[in-house]
Amino acid sequence: MGLEDLQHNFLTGRLEDLVKWARRSSVWPATFGLACCAIEMMAVGTADFDISRFGMEVFRASPRQADLMIVAGRVSQKMAPVLRQVYDQMMEPKWVISMGVCASTGGMFNNYAIVQGVDQVVPVDVYAPGCPPSPETLLHAVLTLHEKIRTGSITRRPAPEPGAEQLAGWVPERPDAVRLGTPR
């Protein structure tokens, strides 16, 4: 008997709220800084912007200790399999913020070497627009993610992503590529 089999009552409803609060208050980011947006992401950790008030002061170097990936900057075709491998090593539940126009759409780099949107490689939960986005924009994206966690369900697992089993065989610019930017 799992959590999905329980009927929501006073106790389980409050337990779900408690779990959501704990998840929202202890999101640990794994940085994936690839370009100039990474400098703005680092600025969020300084005293001026103080991301520690959201329980996120420790940027994790290991994907096994993180549950949020912040992709900051352009993703090259060679870096895409590495990005996917780091994402696959993260524990569930996990979230992704695409920071900057290069990560979200390829930006001004419309060529064969740059992935035209990180959502072709990993599912994106929140997009932070700008070139480069300001630290305030990243904080707004974090608050948007917190709201998504607060209103989400903990008893339902997200559906498996299409093509998740093809990590080693990821081929850039597939004609049948599915954009994974839809909300979970």
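**Notebook: salt bridges, cysteines and backbone of a predicted model**

**Entry 1. Helix α3**

I began with R84, which counts as buried at 7% relative accessibility. I note here that the model is predicted.

I then asked which side chain R84 meets in a salt bridge. The partner is D88, with 3.2 Å from N to O. D88 counts as partly exposed, at 31% relative accessibility. I located both residues in helix α3, residues 80-89. They lie four residues apart there, about one turn of the helix. I therefore recorded a bridge with a buried arginine and a partly exposed aspartate.

**Entry 2. The other salt bridges**

How many salt bridges does a search of the whole structure find? I obtained three, and I went through the remaining ones in turn.

I looked up D125 and found a salt bridge with K148, the closest N and O atoms lying 3.3 Å apart. This pair links distant parts of the chain, with the two positions 23 residues apart in numbering. D125 belongs to the loop between α4 (101-105) and β4 (126-128), whereas K148 belongs to helix α5, residues 135-151. I checked burial next: D125 is buried, with a relative accessible area of 12%. K148 is partly exposed, with a relative accessible area of 26%.

I also examined E147, which forms a salt bridge with R150. The closest N and O atoms of that pair are 2.5 Å apart. Both residues sit in helix α5, three residues apart, about one turn of the helix. Is each partner buried or partly exposed? E147 is partly exposed, with a relative accessible area of 40%, and R150 counts as partly exposed at 41%.

**Entry 3. Cysteines**

I searched for disulfides, and the count came to zero. C36 is in no disulfide, and I found its nearest cysteine sulfur, that of C37, 4.9 Å away. Against the cut-off of 2.5 Å, that sulfur pair does not qualify. C36 is partly exposed, with a relative accessible area of 46%.

Why does C102 not bond to C131? The sulfur of C131 is the closest cysteine sulfur to that of C102, but the separation is 5.4 Å, too far for a bond. I noted that C102 is buried, with a relative accessible area of 9%.

**Entry 4. Backbone geometry**

I turned to the peptide bonds and noted a cis bond from E92 to P93, with omega near -10 degrees. P93 has its place in the loop between α3 and β3 (95-99).

I noted a cis peptide bond joining C131 and P132 as well, with omega about -20 degrees. Where is P132 placed? I found P132 in the loop between β4 and α5. The residue preceding this proline, C131, is the one already listed in Entry 3 as holding the cysteine sulfur closest to that of C102.

I looked up D50 for its phi angle. The angle is positive, about 50 degrees, although D50 is not a glycine. D50 is found in the loop between α2 (37-44) and β2 (68-72). At 31% relative accessibility, I recorded D50 as partly exposed.

**Entry 5. Rings and a surface patch**

I searched for aromatic pairs, and the count came to zero. I did record a charge over a ring: the charged end of K94 sits over the ring of Y87, 4.2 Å from its centre.

Which residues form a nonpolar patch on the surface? I listed L15, L18 and W21, which together have about 330 Å² of accessible area. W21 is found in helix α1, residues 10-25. I recorded W21 as partly exposed, with a relative accessible area of 48%.

**Entry 6. The whole chain**

Last, I looked up the overall composition. The protein chain has five helices and four strands. From the N terminus on, I read the order of elements as α-β-α-β-α-β-α-β-α. What share of the 184 residues counts as buried? I recorded 40%. R84, from which I started, counts as buried, as do C102 and D125.

Note on methods:
Residues numbered from 1 in each chain as written. Predicted model: local features only at pLDDT ≥ 70, side-chain atom pairs only at ≥ 80, totals over all residues. Heavy atoms only, no water. Buried < 20%, exposed > 50% of the residue type's maximum accessible area, 1.4 Å probe, protein only. Patch = residues over 30% accessible without salt bridge, like charges linked within 9 Å, V, L, I, M, F, W, Y side chains within 5 Å. Areas by Shrake-Rupley, 256 points an atom, 1.4 Å probe, with all protein chains shown as cover. Salt bridge = Lys/Arg side-chain N within 4 Å of Asp/Glu carboxyl O. Phe/Tyr/Trp six-rings, centres within 6.5 Å; stacked < 30°, edge-to-face > 60°. Lys NZ or Arg CZ within 6 Å of the ring centre and 35° of its normal.
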